[in-house]
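Subject: Handing over the structure

Hi,

Here is the structure I promised to pass on to you. Have a look at it first, and then read on for what I found in it.

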Amino acid sequence: MAALTDLDARSLGTVRRYFALNPVAADVLVVACFVLPELIAPFVGASRPVSLLLVGLGAVVLMARRHRPVPVAGAIGLLAVVGLAWTGSLNGYDLAVGFAVYAVAAARPPRVAWLTTATLVAAVAWAAWLWERPGSNGTLTFDGSGPPSDTTVRIATLTGLTVISLVAMAIGVSVRQRRLHVADLVERAARLEAERDQQARLARAEERGRIAREMHD
């Protein structure tokens with residue numbers, strides 16, 4: 001009987017099984033979701049070189065989120081803050097924050113995930129409240145003059161950032177719990193199989209002993 005594997009226990013569909021077997025492809029898909037809006041921006045007259053640079057850096061960082069989720073979350077937060085101070089825009093980093101939060105929640109205990117998420121979201125939200133400028137030309141400024149007159153835009157940004165982060169956290173925690181459950185099932189199946197093998201060996205040894213005794217008699 002073949003041993004139960006992680007993929008067997010998870011009962012994945014074709015697409016999810018493909019990404020489970022090819023994690024790099026999943027990472028590329030995540031990065032594409034983050035980068036594509038900025039690549040499309042030149043066609044609608046909204047592209048800025050600084051924004052493209054920031055998004056490029058964010059894409060490189062996100063490729064490492066599976067192996068170093070907490071450092072990646074910190075780097076994404078730093079890039080988001082720098083981008084807000086420099087360009088007055090999140091440059092799509094609200095989505096990057098969501099991807100980073102998911103990676104931490106899926107790979108680390110809840111305490112670490114919540115602490116990382118709270119720190120990340122607070123830092124980006126603070127920067128957005130201070131420096132987000134609708135229609136900014138990308139001029140660098142650190143005047144800290146507080147929120148602009150159009151606070152509605154910033155409230156919407158903070159709301160969106162919070163919602164994305166909470167949804168990412170919920171999905172990540174669910175995925176981690178499912179992975180732990182599957183790992184437990186696989187471990188139990190392996191233990192049962194080992195016990196069956198041991199019992200079979202004992203039964204064969206006992207049978208050989210019985211035959212030997214009968215032949216001796």
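The chain is made of eight helices and zero strands, so to speak α-α-α-α-α-α-α-α when you read along the sequence. Please keep in mind that this is a predicted model. Of the 217 residues of the chain, 31% count as buried. If you look at contacts between residues at least 6 apart in sequence, 71% of them join residues at least 24 apart.

How far to trust it

The mean pLDDT of the chain is 82, with 80% of its residues reaching 70 or more. Among the elements, helix 6 has the highest mean pLDDT, 96, while helix 1 (residues 6–10) has the lowest, 56. There is also a stretch to be careful with: over residues 137–144 pLDDT stays under 50, and the model has 14 contacts beyond four places in sequence for them. Where pLDDT is low, the predicted coordinates should not be read in detail.

Helix 6

I'd start with this one. Helix 6 has 15 residues and runs 21 Å from its first C-alpha to its last, close to the 21 Å expected at 1.5 Å a residue. Is helix 6 largely enclosed or largely open? Eleven of its 15 residues are buried, so helix 6 is largely enclosed by the rest of the structure. The buried ones are Y93, A96, V97, G98, F99, A100, V101, A103, V104, A105 and A106.

Helix 5 and the loop after it

Helix 5 has 19 residues and reaches 26 Å from first C-alpha to last, close to the 27 Å expected at 1.5 Å a residue. Its buried residues are P69, V72, A73, I76, G77, L79, A80, V81, G83, L84, A85 and T87. What covers them? Helix 4 (49–62), helix 6 and helix 7 (110–131) are included in that cover.

A75 also sits in helix 5, which spans residues 69–87. Buried or exposed, or somewhere in between? A75 has a relative accessible area of 25%, and because buried means under 20% and exposed over 50%, A75 counts as partly exposed. Its C-alpha is separated by 9.6 Å from that of L57, and the two residues are 18 apart along the chain.

Just past the end of helix 5 comes G88, with a positive phi near 75°. Further on, N91 is found in the loop between helix 5 and helix 6. The phi of N91 is positive too, near 55°, and N91 is a residue other than glycine. With a relative accessibility of 7%, N91 counts as buried.

Two more residues to click on

S51 has its place in helix 4. It is buried, at 1% relative accessible area. Which residues does S51 touch, not counting those up to four places away in sequence? They are E38, T87 and N91, so the loop residue from the previous section turns up again here, as N91 lies between helix 5 and helix 6.

V35 is in helix 3. At 15% relative accessibility V35 counts as buried, because the cut-off for buried is under 20%. Leaving aside neighbours within four places in sequence, V35 is in contact with V55 and A59. V35 and A96 are 61 residues apart in sequence, yet their C-alpha atoms are 9.5 Å apart in space. A96, you may recall, is one of the buried residues of helix 6.

The largest pocket

Last, the pocket. About 820 Å³ of space lies in the largest one. Its lining is made of 24 residues, and A26, R65, R66, Y102 and R179 lie nearest its centre. Which helices supply at least two residues each to the lining? They are helix 2 (14–21), helix 3 (23–40), helix 6 (93–107) and helix 8 (151–216). Helix 6 gives the largest share, seven residues. Sorted by class, the lining has 17 nonpolar, one polar and six charged residues.

That's the tour; write back with whatever you'd like to go through together.

Cheers

Methods:
Residues are numbered from 1 along each chain as its sequence is written. This is a predicted model: local features need pLDDT of at least 70, side-chain atom pairs count only at pLDDT 80 or more; totals for chains, interfaces and linings use all residues. Side-chain values use heavy atoms; hydrogens and water are left out. Helices (H or I, at least four residues) and strands (E, at least two) are DSSP runs, numbered from the N terminus. Buried means under 20% relative accessible area, exposed over 50%, partly exposed in between (1.4 Å probe, protein chains only). On a 1 Å grid over the protein atoms alone, a cavity is a set of points where a 1.4 Å probe fits but cannot get out, and a pocket is an open set with protein on both sides within 12 Å along at least five of seven lines; lining residues have an atom within 4 Å of a point. Grid points are joined across faces, edges and corners, and a volume is the space filled by probe spheres set on the points. Ala, Val, Leu, Ile, Met, Phe, Trp, Tyr, Cys and Pro count as nonpolar, Asp, Glu, Lys and Arg as charged, and the others, Gly among them, as polar. The expected span of a helix is 1.5 Å times one less than its number of residues. Contact means heavy atoms within 4.5 Å. pLDDT is the predictor's confidence in each residue, from 0 to 100.
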